[in-house]
Structure formats: structure tokens, C-alpha cells
Amino acid sequence: MATFFKRKATVVALAALSLTVAGGGVAIAAQPEAKVPQPAARHATQQPPVTAAEQRAARAALRATLAPPAPGTVAWAVVAQNGTLLQHSGNVVSSSKFAPGPGVFAGQYLVLLDYNVSAKSYHVSLGTNDSANVPPAGEVAAAPRTLTPTGVFVQTRSSSGGYSDRPFHIVIAN
């Protein structure tokens with residue numbers, strides 16, 4: 001009988017200890033977190049409006065004579081921070097930086113290709129083609145260009161999240 005009570009006491013002690021540890025974890029988790037500084041607030045993520053000149057350029061790019069790359073291959077480009085196309089594969093027609101105006105911010109670029117890239121995969125990273133090849137710090141993102149199936153919209157930002165012109169590399173997977 002004594003061993004029965006000893007085992008029961010051990011089980012009760014372990015159960016009490018488990019509840020105490022679990023309760024302490026809940027109490028710690030319920031405490032308010034210290035204020036950690038967050039990155040700067042992001043700006044609107046909308047693309048600039050499509051202009052008539054941009055639509056004409058996209059139609060002209062689509063009429064180019066090159067065939068789209070074969071499945072499993074890529075198209076690529078190196079673009080300077082002023083929008084100049086520095087190096088590129090054959091299917092990249094042009095790159096440009098959006099001119100200042102309503103709804104246009106620094107670091108917004110358009111890369112045009114000679115085939116429909118609206119359903120392709122994009123990889124974009126900050127980069128240069130200078131001898132040191134050390135790009136400035138920052139962030140970059142790419143998306144299909146609104147109403148332009150042959151275009152890729154690229155947005156670059158500073159490390160703090162503000163709009164900023166940055167050079168970049170882009171790869172479009174086919």
C-alpha cells in the first residue's frame with residue numbers, strides 16, 4: 001500500500017510541475033513585447049500608368065524577328081541605375097527608367113522583351129557590370145508590367161525601404 005501512495009505522489013508531483021512550467025510559459029508569452037524598431041513603411045506598390053508610347057514600344061518589340069527562347073532557357077539583362085541596358089541576351093529589346101511624373105517614383109524600370117513574358121518566372125537582384133561588381137545595398141522586386149505582356153516592371157529601393165535608383169540584373173525563366 002505504501003508503494004501505491006508513493007507512486008501516486010510521484011505522479012501528482014510531476015503533474016504539478018508540468019502545469020507550473022506550462023503556466024509559466026503562458027505567462028511569459030502573454031507579456032507585451034518590447035518595441036523593436038521596424039523598417040520604414042513601404043510606399044504604394046502600384047505601377048506607373050501605361051502610356052501610349054509604351055504601348056507602341058511593346059507592340060514593336062513583339063514584332064521583332066527573334067523567336068522566343070526554348071523552354072528551359074532564360075533571357076537576361078544587366079541594367080544601369082539610369083535605365084540603360086548594359087548587357088543582355090538576344091530576346092531583350094530595351095530597358096528604361098520611368099520619367100518623373102504623376103504616379104512615378106524613383107527606382108521604377110521597364111524591361112521589354114520580344115515575346116510574351118506575363119506568365120514567366122522572374123529573378124531580379126541588385127548588381128552592376130563594373131570591374132569591382134559591388135552593387136549598392138538595397139532591395140529589388142519584379143512583376144509583369146500592367147497591360148504590357150512583353151514587359152517586366154522592376155522596382156528598386158534603398159535598404160531603408162524608400163524608392164531609390166539602383167542597378168540590377170534580371171533573369172526571365174522560360
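Two strands pair if DSSP finds at least two bridges between them. Helices (H or I, at least four residues) and strands (E, at least two) are DSSP runs, numbered from the N terminus. The model is predicted: local features need pLDDT of at least 70, side-chain atom pairs count only at pLDDT 80 or more, and totals for chains, interfaces and linings use all residues. Residues are numbered from 1 along each chain as its sequence is written, and side-chain values use heavy atoms, with hydrogens and water left out.

**Exercise 1. Describe the chain as a whole.**

Step 1. Take the elements: the chain holds two helices and eight strands. In sequence order they give α-α-β-β-β-β-β-β-β-β.

Step 2. Take the burial. Of the 174 residues in the chain, 30% are buried (under 20% relative accessible area, with exposed over 50% and partly exposed in between; 1.4 Å probe, protein chains only).

Step 3. Take the contacts (heavy atoms within 4.5 Å). Among those between residues at least 6 apart in sequence, 61% join residues at least 24 apart.

**Exercise 2. Place strand S4 among its partners.**

Step 1. Strand S4 covers residues 108–113, and six of its six residues are buried.

Step 2. Sort the side chains by direction. Gln-108, Leu-110 and Leu-112 point one way from S4, while Tyr-109, Val-111 and Leu-113 point the other way. In a regular strand the side chains alternate between the two faces of the sheet.

Step 3. Find the partners. S4 pairs with S3 in the antiparallel sense over five bridges; Lys-97 has Tyr-109 of S4 as its bridge partner. Five bridges also join S4 to strand S7 (residues 151–157), again antiparallel. There, Val-111 has Val-152 of S7 as its bridge partner.

**Exercise 3. Work out the surroundings of Ser-95.**

Step 1. Locate the residue: Ser-95 lies in strand S3, residues 92–97.

Step 2. Is Ser-95 buried or exposed? Ser-95 counts as buried because its relative accessibility is 13%.

Step 3. List its neighbours. Leaving out residues up to four places away in sequence, Ser-95 touches Val-79, Gly-83, Thr-84, Leu-85, Leu-110 and Val-111. Leu-110 and Val-111 belong to S4, where they point opposite ways.

Step 4. Look at the polar contacts (pairs of N or O atoms within 3.5 Å; within protein, one must be able to donate a hydrogen and the other to accept it, and residues adjacent in sequence count only if both atoms are side-chain atoms). The side chain of Ser-95 reaches the backbone oxygen of Gly-83 at 2.7 Å and the backbone nitrogen of Leu-85 at 3.2 Å.

Step 5. Add a distance between C-alpha atoms: Ser-95 and Ala-80 are 15 residues apart along the chain, and these atoms are separated by 9.3 Å.
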